[in-house]
Amino acid sequence: MNPAIETKELCYAYEDGTTALDHITLSAGRGSITGILGANGAGKSTLFLNLNGVFTPKSGQVLLDGQPVKYDRKGLAALRRRVGIVFQDPDDQLFSADVYRDVSFGGVNLGLEPKEVRRRVEEALERTGTSALRDRPTHALSYGQKKRVAIAGVLVMEPEVLILDEPTAGLDPQGVTEIMRLLVQLRDSLGMTILIATHDMDIVPLYCDYAYLLGGGRVLLEGTPDDLFANPEALRANHLRLPRIAHLMEVLRQADGLDTHGAPATIGAARREILRLLKEEEKV
Ligand SMILES: Nc1ncnc2c1ncn2[C@@H]1O[C@H](COP(=O)(O)OP(=O)(O)OP(=O)(O)O)[C@@H](O)[C@H]1O
C-alpha cells in the first residue's frame, strides 16, 4: 500500500531539552486506519503535531505522498490543508458561538467561495450526524456531540490525511461505535488516510489496519493488530493491556500450539469466526 504520510528518522525535542521523538520511522498507507499506541508520555501527541507542521522536526523528515515537507510558509500551509488534526479535547478546537459557524470556520479560512463553504459544511454535518445541531451553541453540546462537531470542522477542509488524538476517550460505548464507524466510512467512501492515537485497546483489532507501539519516543513494535497482540508482554510493559478479543485470541492461540489431533484447525477457524462476529456486531 502506498504511504500517504510517513516519517523518516524523525526526532523532536522540547525547549527544556526533553527528547520526545527519537528516530521515528513509520508510514500510514493511503486509505487505511493506522493506530498509534503507547503509554502516557510515549510521544503520540508530539508525533501528531510534527505530522501537521505545528512542530518542526529537530532532524529527520515528514513526507507526504513521498515528498518531504517544506517548512516555508507555502509548504506549511499546504501541509496543514492536507493533514487535518482533531485534538483530544474538543474544547481546544471549538470556539465559535454556534455549530454552523464553527464547522464553516476552516472553509472560510481557506478563502473558499461562500457557496463552496456551504456545500462542504452541509456534507461534513451530514457525515458526522450533526446536521440537527447546526444552530446550537457549541458550549451547550454534550461531550460526544462536541467530538463529532470538531471532526466536522476538520472535514470541511477536505484533508487527505486525518489524525485524531484519542478519538474515543470519554465517550460511552455507543459514542465509541459511532465515532469509529464514521472513521471507517471516511476511509471506505473517501479513501481517507486516518491515524488515531489511542489507549483504547478494544478498538484496535476491530478498526485498525496497522498499528505502531511507541515507547520513550521510539517505535517499539509495528504490524497488523494480530501481529502486535501476539506480543502481549510488550504491551503490558508499556502500560497497555490486551484487548478483550485479543486476550481470548491469545488463549486460543496457545491452544493452537497444543498437540490436540486436528483441533488446531478448528481453533484457528474459531478465532477467525469470533473476529468476524465481532466485526459484524460492530458493522465494520
Ligand atoms: N511542552 C512540553 N515541554 C517539555 N516536555 C514535553 C512537553 N509536552 C510533552 N513533553 C514531554 O514529551 C514526551 C512525549 O509527550 P507526549 O505528550 O507527546 O506523549 P503522549 O504519548 O501523547 O502522552 P499522553 O498519552 O499522555 O497524551 C513526554 O516525556 C512529555 O513529558
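Me: Before we look at the ligand, which residues count as nonpolar, charged or polar here?
Reply: Ala, Val, Leu, Ile, Met, Phe, Trp, Tyr, Cys and Pro count as nonpolar, Asp, Glu, Lys and Arg as charged, and the others, Gly among them, as polar. Please keep in mind that this is a predicted model.

Me: Thanks! How does the shell around the ligand divide, then?
Reply: That shell has 3 nonpolar, 7 polar and 2 charged residues.

Me: And which residues surround the ligand?
Reply: They are Tyr-14, Asp-16, Thr-18, Ala-20, Gly-38, Asn-40, Gly-41, Ala-42, Gly-43, Lys-44, Ser-45 and Thr-46.

Me: Which helix gives the most to that shell?
Reply: Helix H1, residues 44-51, which supplies 3 residues.

Me: What about Ala-13, where does that one lie?
Reply: Ala-13 is in strand S1, which covers residues 3-13. Its contacts, beyond residues up to four places away in sequence, are Thr-18, Thr-19, Ala-20 and Lys-58. Two of those names, Thr-18 and Ala-20, also appear among the residues surrounding the ligand.

Me: Why does Ala-13 count as partly exposed?
Reply: Because Ala-13 has 16 C-beta neighbours inside 10 Å, and a residue is called buried only if it has 20 or more, or exposed if it has 12 or fewer.

Me: Let's zoom out. How many helices and strands are there?
Reply: The protein has 11 helices and 10 strands. Of its 284 residues, 41% are buried.

Me: How big is the largest nonpolar core?
Reply: The largest nonpolar core contains 72 residues, and Val-103 and Ile-163 have the most contacts inside it. Helix H5, residues 143-155, gives the most to this core, with 6 residues.

Me: What does Val-103 touch?
Reply: Outside its neighbours within four places in sequence, Val-103 contacts Val-121, Ala-124, Leu-125, Val-149, Ala-152, Gly-153 and Val-156.

Me: I see Val-121 in there. Which residues of H4 are buried?
Reply: The buried ones in H4 are Val-117, Arg-120, Val-121, Ala-124, Leu-125 and Thr-128. Viewed down the helix axis they fall within an arc of 135°, so they line one face of H4.

Me: Why would residues a few places apart point the same way?
Reply: An α-helix has 3.6 residues a turn, so residues three or four places apart point the same way.

Me: What does that buried set pack against, and what's on the other side?
Reply: The buried residues of H4 pack against helix H3 (99-109), H5 and helix H6 (173-190). On the other side of H4, Lys-115, Glu-116 and Glu-126 are exposed.

Me: What span should H4 have, and how far apart are its ends?
Reply: At 1.5 Å a residue, the 15 residues of H4 (residues 114-128) should span 21 Å, and the end C-alpha atoms are 21 Å apart, which agrees. Next comes Gly-129, with a positive phi near 65°.

Me: Which residues other than glycine have a positive phi?
Reply: Glu-9 is one of them, with phi near 50°, and Asp-65 is another, at about 55°. Glu-9 sits in strand S1, while Asp-65 is in the loop between strand S4 (59-64) and strand S5 (67-68).

Me: Last one: is Pro-167 buried or exposed?
Reply: Pro-167 counts as buried, because it has 24 C-beta neighbours inside 10 Å. Its place is the loop between strand S7 (161-165) and H6. Leaving aside neighbours within four places in sequence, Pro-167 contacts Val-86, Lys-147, Ile-179 and Ile-196.

How values were computed:
Residues numbered from 1 in each chain as written. Predicted model: local features only at pLDDT ≥ 70, side-chain atom pairs only at ≥ 80, totals over all residues. Helix = DSSP H or I, 4+ residues; strand = E, 2+ residues; numbered from the N terminus. Contact = placed C-beta atoms within 7 Å. Core = buried A, V, L, I, M, F, W, Y, C linked by C-beta atoms within 7 Å. Near = placed C-beta within 6 Å. Expected span 1.5 Å × (residues − 1). Arc of directions from axis to C-beta.
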